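Welcome to this short tour. Please have your viewer ready, and keep the sequence beside it as we move from stop to stop.

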Amino acid sequence: AEELERAVNATNQQMLICASHMNPDVERERILSLLARNVNGIIIVPCDEKQSLQACEMVVQVPLVQVDQRVDLEESDWVGIDDKQALKMIIEHLINH
């Protein structure tokens with residue numbers, strides 16, 4: 001979060017941080033609050049691949065970037081890794097070494 005804040009500050013903008021505490025209902029409330037503040041974009045770590053879909057679908061007027069977990073939403077960018085593929089690579093590495 002610190003590196004992200006530095007990058008945002010370099011553009012003379014501010015970053016607001018909200019925590020959902022892994023609760024989809026709280027996540028929806030936080031997103032609605034951010035949208036009401038007319039933010040320029042939202043970066044989200046969805047709390048659940050399925051239950052967070054509704055919250056992410058509410059974000060249509062600003063860019064949405066998902067980090068780590070991902071909900072199946074075409075209108076959103078995602079930054080993360082394929083956990084299943086990563087685990088497969090780890091297991092193969094351990095077997096071969």
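A pocket, as the word is used here, is an open set of grid points where a 1.4 Å probe fits, with protein on both sides within 12 Å along at least five of seven lines. Keep in mind that you are looking at a predicted model.

**Stop 1: the second largest pocket**

Begin with the second largest pocket, which has a volume of about 290 Å³. To display its lining, select Glu49, Asp68, Gln69, Arg70, Val71, Asp72, Trp78, Ile81, Asp82, Asp83 and Lys84. What classes of residue divide this lining? Colour by class and you will find three nonpolar, one polar and seven charged residues.

**Stop 2: helix α4**

Now select residues 83-96, which form helix α4. The helix has 14 residues and spans 20 Å between its first and last C-alpha, close to the 20 Å expected at 1.5 Å a residue. Zoom in on the start of α4: here a side-chain oxygen of Asp82 comes to within 3.2 Å of the backbone nitrogen of Lys84. Both Asp82 and Lys84 were among the lining residues at the previous stop.

**Stop 3: Glu74 and Asp77**

From Lys84, go back along the chain to Glu74, which sits in the loop between β2 (64-67) and β3. Draw a line between the C-alpha atoms of Glu74 and Lys84: they are 21 Å apart in space, with their positions 10 residues apart in sequence. Is Glu74 buried or exposed? Its relative accessible area is 77%, so Glu74 is exposed.

Next, select Asp77, in strand β3 (residues 77-79). Asp77 counts as exposed because its relative accessibility is 53%, and the cut-off for that class is over 50%. Which residues does Asp77 touch, leaving aside its neighbours within four places in sequence? Show Leu64, Val65 and Gln66 to see these contacts. For a longer view across the model, pick Leu32 as well: Asp77 and Leu32 are 45 residues apart in sequence and 19 Å apart in space, C-alpha to C-alpha.

**Stop 4: helix α2**

Select residues 24-36 to bring up α2. This helix has 13 residues and reaches 18 Å from first C-alpha to last, close to the 18 Å expected at 1.5 Å a residue. At its start, look for a side-chain oxygen of Asn23 within 2.8 Å of the backbone nitrogen of Asp25. Just after α2, Asn38 has a positive phi of about 55°.

Now highlight the buried residues of α2: Pro24, Val26, Glu27, Arg28, Ile31, Leu34 and Leu35. These buried residues pack against β1 and α3 (53-57). Pause at Arg28, which counts as buried because its relative accessibility is 18%, where buried means under 20%. Beyond its neighbours within four places in sequence, Arg28 is in contact with Gln51, Gln54, Ala55 and Met58.

**Stop 5: the largest pocket**

Finish at the largest pocket, with a volume of about 880 Å³. Of the 29 residues lining this pocket, Met15, Leu16, Ile17, Ile42 and Ile43 are the closest to its centre, so select those to find your way in. Elements giving two or more residues to the lining are α1 (2-9), α2 (24-36) and β1 (42-44). Which element gives the most? Helix α2 does, with four residues. Colour the lining by class once more, and this time you will find 18 nonpolar, eight polar and three charged residues.

Note on methods:
Residues numbered from 1 in each chain as written. Predicted model: local features only at pLDDT ≥ 70, side-chain atom pairs only at ≥ 80, totals over all residues. Heavy atoms only, no water. Buried < 20%, exposed > 50% of the residue type's maximum accessible area, 1.4 Å probe, protein only. Contact = heavy atoms within 4.5 Å. 1 Å grid on protein atoms, 1.4 Å probe; cavity = no way out; pocket = protein on both sides within 12 Å on 5 of 7 lines; lining within 4 Å. Points joined across faces, edges and corners; volume = space filled by probe spheres on them. Nonpolar A, V, L, I, M, F, W, Y, C, P; charged D, E, K, R; others polar. Expected span 1.5 Å × (residues − 1). Polar contact = N/O pair within 3.5 Å; in protein donor to acceptor, adjacent residues only side chain to side chain.
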